[in-house]
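This report describes selected features of the structure shown below. Helix packing is treated before the domains, the backbone and the second chain.

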Amino acid sequence: MTPGHPGFLTIAEAGRLIAAKKLSPVELTRATLQRIQAVDPKLNSYLLVTEKQALSAARAAERAILSGRKGPLLGIPVAYKDIYETAGVRTTAHSRLLIDNVPKQDAEVVRRLHEAGTVMLGKLATHEFAIGGPAFDLPWPPARNPWDTRCFTGGSSSGSGAAVAAGLALGATGSDTGGSIRLPAAYCGIAGLKPTPGLVSRRGVIPLAPSLDTAGPMAWTAQDCAILLDAMAGHDGADPASVAAPKPTYARFLDAPLKGLRVGVLRRFYEHDVAASPEVLQMMTRATETLKQLGCRVDEASLPSVDDYNAVGRIIISAEAYAMHEAMLKARLSEYSRVFRVRVLAGALIRAADYIAAQRQRTDLIIATEAAFKKFDVLISSPTASPAPLLSEQRPDDGFARPFLTTVANVAAVPSLVVCGGFTTTGMPLGLEIIGPAWSEATILRVGHQFEQATGTRARRPEL
Amino acid sequence: MSVPPVTPVPSMSPAEMQILVSRAGLVLNPGQVADLVLAWRQLAGLISRVPHDRKLVDDMAITFRLAPPANAGSDPRSVPAIPAKAPGKAPRTARAKTRAVTGPAKRVAGRTLVKTKSAKRAKPTR
């Protein structure tokens, strides 16, 4: 068990203690709320803390346990990226434009997690509408990295990454259009899963670019992501992209042996396409060795260049995000952050022919990526070129000027998990990205879980 | 991947940008126009990376569709776990036994995508 504050328990640990009646959901929720009050002023990870509702939900969970109900998420405190609609609770997308927005209904994922017995602690910081950040010209400041508060959390699920790493929530939700779950997971040293499109409903999640948007879990461990995904995944007839399929159980087979699993290393991605720092290169070498020790067959893999995926991803995101926001941009332009305007306004100038060319090229990239999975069961890479940079170094045109390694999985429509791959000499976390073919969430979670067990990175928490 | 070489992004005068902005129905101040010029130059560079010279019959839908999952994740036998390669050629019976343990050899994640001529262009070249 992770030593220290109850907020540092994993979901799996807390779930076992709660089920054994050794930990009260009310005590756990109260302790986590106290930690938020004490620590979050340094991190700005929460936009809204729903203390009364949280304690009420925790009491309900406690009553349910005493009446014999069971479940791995019963009484577990979680928080939502503030683009997930929550009935009766303000949902702002970290934007001045939605500062008074109180939805009438829960997002489908919120409903499912509520049904599983989780306790909502509040709403988490994001980049404005999941793209415009980090920004300092909004009603709330950007979240800060708990490992070094001068540093960027990654985004756009910035509050989710910071809160989970700092023990201010045991689990959180994120959304990922070009890397928004996996970048904060990497920079904040947690686990984050971008699922296959259609696995997790996006109903009630404020969209950025609907043909690339996905919703997924973020937690301290891959195992916790699996537990959350078990509740979050499933068909939703109201999301046109949702896929009707038998409901899988991701958390059940995490310990099945990896012996013989074929792992492809996308070395050119981080050595050539996006030149990574020496510490990232060393981490990837160590990660490769760890996977070999776990019995995997590791070889070098090749895909089209990161720039090709990134070009397609950025064109689609810019065009679709502009289309989603056009009416509001024309009416209330000055209320958006400058970063949002820089990243989205250019979408107004994209020709339909360019957008369609990007969509057609996406299909080719999907086929090319799928071909790699004839030789490999999973692919690994670094999700970032470096550990978390300084918040002050972030540029409004990031994503155009500097390609994201993570956008590959969005464009290729495949699931991708980031787990903590290790730490730099200065104690900053580095991520390892594990990519699988469509619907292979169980496999990549299994690899991530056993990698975490083998490396022992989960014993270390940020000091605040 | 055989992508055409990146063509230089043509510079755009403030007057040309103003025409595009007006056509888009936007009213921007000079600072916002300057930001847009910066972003557009980057985006135009990305657009130039994407092939536009496709055959008419290359694509029927301008979209993709994933094959539905076949119980993926519900059972460890559906999770790829191919035994480590044994030295020499495995006897036919051993391979058959392996398939029985690890599930069908066909991948669960196959897509209902039609390969086109342009898809061949997307193959890794490195």
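A crossing of two helices is called left-handed if the near helix is turned anticlockwise from the far one by less than a right angle, and right-handed if it is turned clockwise. In this predicted model, the crossing in which α10(A) passes α12(A) is left-handed.

**Packing of α10(A) and α12(A)**

The axes of α10(A) and α12(A) lie 9 Å apart, and the two helices pack at an angle of about 135°. Angles over 145 degrees would count as roughly antiparallel and those from 65 to 115 as roughly perpendicular; α10(A) and α12(A) are therefore oblique to each other.

On the side of α10(A), the contact is made by Asp308(A), Tyr309(A), Val312(A), Ile315(A), Ile316(A) and Ala319(A). These residues meet a set in α12(A) that consists of Asp354(A), Tyr355(A), Ala358(A), Gln359(A), Gln361(A), Arg362(A) and Leu365(A). Sorted by class, the contact of α10(A) with α12(A) comprises eight nonpolar, two polar and three charged residues.

**Domains of chain A**

The domain assignment divides chain A into domain 1, with the segments 6–307 and 355–459, and domain 2, with residues 308–354. Taken over C-alpha atoms, the centres of domain 1 of chain A and domain 2 of chain A are 24 Å apart. Their contact involves 41 residues from domain 1 of chain A and 29 residues from domain 2 of chain A.

Which elements give two or more residues to the side of domain 1 of chain A that touches domain 2 of chain A? They are α10 (306–332), α12 (352–372) and α13 (407–412) of chain A. The most is given by α12(A), which supplies eight residues to this side of domain 1 of chain A. By class, the side of domain 1 of chain A that touches domain 2 of chain A holds 24 nonpolar, 11 polar and six charged residues.

**Backbone features of chain A**

Two cis peptide bonds may be noted in the loop between β3 and α5 of chain A. One runs from Gly133(A) to Pro134(A), with omega near 0°. The other joins Gly155(A) and Ser156(A), where omega is about 20°. Pro134(A) is placed between β3 (119–124) and α5 (158–165) of chain A, and Ser156(A) is likewise found in the loop between β3 and α5 of chain A.

Positive phi values in residues other than glycine occur at Ala93(A) and at Ala130(A). The table sets out these two residues.

| Residue | Phi | Loop in chain A | Other C-beta atoms within 10 Å |
|---|---|---|---|
| Ala93(A) | near 55° | between β2 (77–81) and α4 (108–115) | 27 C-beta atoms |
| Ala130(A) | near 65° | between β3 and α5 | 32 C-beta atoms |

Are these alanines buried or exposed? A residue counts as buried if 20 or more other C-beta atoms lie within 10 Å of its own. With 27 such atoms, Ala93(A) is therefore buried, and Ala130(A), with 32, is buried as well.

**Chain B**

Chain B contains four helices and zero strands. Its elements follow the order α-α-α-α from the N terminus. Of the 126 residues in chain B, 19% are buried. Among contacts in chain B with a separation of 6 or more, 75% are between residues 24 or more positions apart.

How values were computed. Residues numbered from 1 in each chain as written. Chains lettered and ligands numbered in written order. Predicted model: local features only at pLDDT ≥ 70, side-chain atom pairs only at ≥ 80, totals over all residues. Buried ≥ 20, exposed ≤ 12 C-beta atoms within 10 Å, placed from the backbone. Contact = placed C-beta atoms within 7 Å. Domains from an automatic or database assignment. Nonpolar A, V, L, I, M, F, W, Y, C, P; charged D, E, K, R; others polar. Axes fitted to C-alpha atoms, helices over the stretch in contact; angles between N-to-C directions. Parallel < 35°, antiparallel > 145°, perpendicular 65-115°, else oblique.
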